[in-house]
Amino acid sequence: MGLEAIVAREIKDLGYEDIKVENGKVTFTAGIDAIPRANLWLRTSDRVKLLVGEFKAFTFDELFEKTKALPWADLIPANAEFPVIGRSVKSTLFSVPDCQAIVKKAVVESLKKKHNISWFDEDGPFYRIEVALHKDVATLTIDTSGEGLHKRGYRYLHNEAPLKETLAAALIKLTTWNPDRPFADPFCGSGTLPIEAAMIGQNLAPGFNRNFASDEWDWVGNDVWDKARQEVEDLARYDQKLDILGSDIDHRSVELAQNNAKEAGFADLITFKQMQVRDFSHKGSYGIIIGNPPYGERIGERDEVEFMYKQMGEALRKLDTWSVYMLTSNENFEELYGKKASKKRKLYNGNLKTDYYQYFGPRPPRKAD
């Protein structure tokens with residue numbers, strides 16, 4: 001929620017059109033090649049799902065018959081594993097387990113007829129079906145991703161309150177940062193923001209180091225996947241120099257971030273330091289600072305965190321050519337930081353409502369100058 005416009009821009013950048021933005025989802029029409037390309041390249045989307053059908057359903061009979069009529073056998077082979085998950089919001093059919101069971105039965109009946117078999121071992125490729133009911137409209141999709149797209153494959157370990165990789169990428173996309181400018185995160189934790197910045201800076205597809213459920217789908221095919229992965233390799237800018245710094249007060253977080261950066265292949269590209277935010281300094285100019293500091297949500301932490309916000313403001317305001325972006329749920333952040341934000345944007349960190357406080361620094365001089 002709140003990232004739909006960024007996801008839509010990413011889809012457009014991949015060359016696709018016919019894009020429709022709704023609450024919590026973005027839909028677009030494309031050829032089969034979009035399945036690997038979207039999974040490999042989308043940085044801020046949770047999943048890529050294939051839309052099989054959408055219809056109104058007020059009764060279980062309607063849900064069964066309309067689901068059964070969809071072309072499941074064109075997509076799902078006879079040996080496929082096809083579990084059904086569901087959700088229902090503001091709909092007559094509110095029992096999710098019943099909806100899941102009915103959809104499963106309808107898909108089985110559809111596949112029986114087309115594949116001409118009566119029993120499915122479900123020991124083959126994975127096709128997870130979702131039935132999502134919203135205001136009596138049933139949307140049937142198949143998940144092409146498998147694990148969520150935030151699972152990049154580099155973060156085997158994380159700290160207590162990790163920032164999701166997709167949200168980290170979105171926080172960077174919402175800034176004016178480019179690879180020619182310094183980047184810093186003074187609350188790096190397990191290193192997610194610096195690592196995502198390095199990926200963006202070198203134009204590395206976030207899914208380059210992992211597998212997807214649709215890898216094994218025959219009708220997508222190895223040739224389509226090979227072509228998509230070759231594109232990832234061709235467009236990567238491995239020689240792009242970067243100035244990326246991650247720091248944290250906790251030496252264990254710094255070690256964790258270093259290990260994750262090494263796993264991602266950025267050990268020599270990102271500098272990590274143990275440092276308190278009040279001591280933060282940087283020799284560069286016109287850089288971008290992005291942070292996900294402690295929010296002070298826990299009992300007993302609030303006073304300590306709010307004092308740290310004041311120290312942060314005093315330290316970071318000295319970097320007068322830099323832009324600063326901070327994500328927090330603390331509604332008094334501007335007052336504590338000591339400056340009104342140029343702009344703020346509502347975002348959700350998990351289920352927690354937060355604000356992204358944006359302090360715009362001056363534009364860097366053009367290279368010609």
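# Salt bridges, cores and a sheet

Me: Is E306 buried or exposed?
Reply: The relative accessible area of E306 is 16%. Buried means under 20%, exposed over 50%, and partly exposed in between, using a 1.4 Å probe and protein chains only. That makes E306 buried.

Me: What pLDDT do local features need in this model?
Reply: Residues are numbered from 1 along each chain as its sequence is written, and side-chain values use heavy atoms, leaving out hydrogens and water. The model is predicted: side-chain atom pairs count only at pLDDT 80 or more, totals for chains, interfaces and linings use all residues, and local features need a pLDDT of at least 70.

Me: Which residue forms a salt bridge with E306?
Reply: A salt bridge is a side-chain nitrogen of Lys or Arg within 4 Å of a carboxyl oxygen of Asp or Glu. Here the closest N and O atoms are 3.3 Å apart. The partner of E306 is R302.

Me: In which helix do E306 and R302 both lie?
Reply: Helices (H or I, at least four residues) and strands (E, at least two) are DSSP runs, numbered from the N terminus. E306 and R302 sit 4 residues apart, about one turn of the helix. R302 has a relative accessible area of 38%, so it is partly exposed. The helix is α9, residues 302–316.

Me: How many residues apart are K164 and D46?
Reply: Their side chains meet in a salt bridge, 3.7 Å from N to O. The pair links distant parts of the chain: K164 is in the loop between β6 (137–143) and α5 (165–173), D46 in the loop between α2 (34–41) and β3 (49–56), and their separation is 118 residues.

Me: Why does K164 count as partly exposed?
Reply: The call rests on accessible area. D46 is partly exposed too, because its relative accessible area is 44%. K164 counts as partly exposed because its relative accessibility is 35%.

Me: Which parts does the pair R152 and E196 tie together?
Reply: The side chains of R152 and E196 meet in a salt bridge, 3.0 Å from N to O. The two residues are 44 apart in sequence, so the pair ties together the loop between β6 and α5, where R152 lies, and, for E196, helix α6 (residues 192–201).

Me: How many salt bridges does the structure hold?
Reply: Some join into a network: R47, R128 and D143 are linked this way. The total number of salt bridges is 17.

Me: Which helix gives the most to the largest nonpolar core?
Reply: A nonpolar core is a set of buried Ala, Val, Leu, Ile, Met, Phe, Trp, Tyr and Cys residues joined through side-chain atoms within 4.5 Å. The largest one has 59 residues, and those with the most contacts inside it are L171, I289, I290, M312 and L316. With 6 residues, the helix that gives the most to this core is α6.

Me: How many residues does the other core have?
Reply: In soluble globular proteins, nonpolar side chains tend to be buried together. The other core lies apart from the largest. W41, V52, F64 and F212 are among its residues, which number 50.

Me: Within what arc do the buried residues of α3 fall?
Reply: In α3 (residues 60–68), L63, F64 and T67 are buried. The arc is that of the directions from the helix axis to the C-beta atoms. Seen down that axis, the buried residues of α3 line one face of the helix, because they fall within an arc of 95°.

Me: Which strands stand at the edges of the open sheet?
Reply: Two strands pair if DSSP finds at least two bridges between them. The open sheet has 4 strands in the order β3-β6-β5-β4, with mixed pairing. Each edge strand has a single partner, so one side is left without a neighbour in the sheet: these are β3 and β4 (84–89).

Me: What angle does the direction of α3 make with that of β3?
Reply: Axes are lines fitted to C-alpha atoms, for helices over the stretch in contact (heavy atoms within 4.5 Å), and angles run from 0 to 180 degrees between N-to-C directions. β3 and β6 pair in the antiparallel sense over 7 bridges. α3 packs on the sheet, touching β3, β5 and β6, and its direction makes an angle with that of β3 of about 135°.

Me: Which residue in β13 stands opposite K344?
Reply: β12 (residues 343–349) and β13 (residues 352–359) pair in the antiparallel sense over 7 bridges. Their hairpin has 2 residues between the strands, and G350 takes a positive phi near 70°. Opposite K344 stands Y357.
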